[in-house]
Amino acid sequence: MKAGILSDSHDQRAPVDAALALFRAEGVGAVLHLGDVCDPGILSGYEELGVPLHGVFGNNDHRRDAFRGESRFDFREGPVILTVSDRKVLMAHSFDELRGELGGSGRFDLVLFGHTHRPMTMRVGRALVLNPGETCGFMKGKPTCAVVDLATMEARIVDIPLPPSG
């Protein structure tokens, strides 16, 4: 199974919708959002994908009550530990939130964080550590997300293709 990974949407509907189309084409079985959605309304198209959407709150998710009222989303305070397709996943908005859980080599298959708006992947022991960058495209000028094949633990940072403006 593949998982689609997003972070730092910051109320930008066009790249969120484009990521949805990309995830649909990739056949993802779950979507994980690493916070700073801001308004959960921009995620409304994800119910059409028909896969679970799990997320953590970011420092700009000030309307957390609005997320809690959305039964189709599972957003919680980070760090969050969950199992997706038999893989143990640790996720939070910022890397600093993960530090208390990272002790003990080999506990996690996938470690996810956002907040920096900078995409990166690396291996630490058996764990794949990933930041998908920014869905919004504010800081780097191009929106990105990630697709992780949970069977092979291979990840790709993907530029989110936006429709031409006009």
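## Met139 and two aromatic pairs

Met139 touches Thr116, His117 and Glu134, leaving aside residues up to four places away in sequence. Keep in mind that this is a predicted model. Beyond Met139, there are two aromatic pairs to look at in the structure.

**Around Met139**
- You'll find Met139 in the loop that runs between strand 9 (127-131) and strand 10 (144-149).
- Met139 counts as exposed because its relative accessibility is 53%, and the cut-off for exposed is over 50%.
- Arg118 sits 21 residues from Met139 along the chain, and the C-alpha atoms of the two are 8.7 Å apart.

**The aromatic pairs: Phe57 and Phe75**
- The structure has two aromatic pairs, and Phe57 with Phe75 is a tilted one, at 6.0 Å centre to centre with 40 degrees between the planes.
- Phe57 is in the loop between strand 3 (53-56) and helix 2 (64-68), while Phe75 is in strand 4 (residues 74-76), so this pair ties together parts 18 residues apart in sequence.
- Phe57 is buried, at a relative accessible area of 3%.
- Phe75 counts as buried too, with 7% relative accessibility.

**The aromatic pairs: Phe95 and Phe113**
- The ring centres of Phe95 and Phe113 lie 5.3 Å apart and the planes meet at 70 degrees, so the pair is edge-to-face.
- Phe95 belongs to the loop between strand 6 (87-91) and strand 7 (110-112), and Phe113 to the loop between strand 7 and strand 8 (120-124), so the pair links parts that are 18 residues apart in sequence.
- Phe95 is partly exposed, at 32% relative accessibility, whereas Phe113 is buried, with a relative accessible area of 9%.

Conventions. Residues are numbered from 1 along each chain as its sequence is written. This is a predicted model: local features need pLDDT of at least 70, side-chain atom pairs count only at pLDDT 80 or more; totals for chains, interfaces and linings use all residues. Side-chain values use heavy atoms; hydrogens and water are left out. Helices (H or I, at least four residues) and strands (E, at least two) are DSSP runs, numbered from the N terminus. Buried means under 20% relative accessible area, exposed over 50%, partly exposed in between (1.4 Å probe, protein chains only). Contact means heavy atoms within 4.5 Å. Rings of Phe, Tyr and Trp (its six-membered ring) pair if their centres lie within 6.5 Å; planes under 30 degrees apart count as stacked, over 60 as edge-to-face and the rest as tilted.
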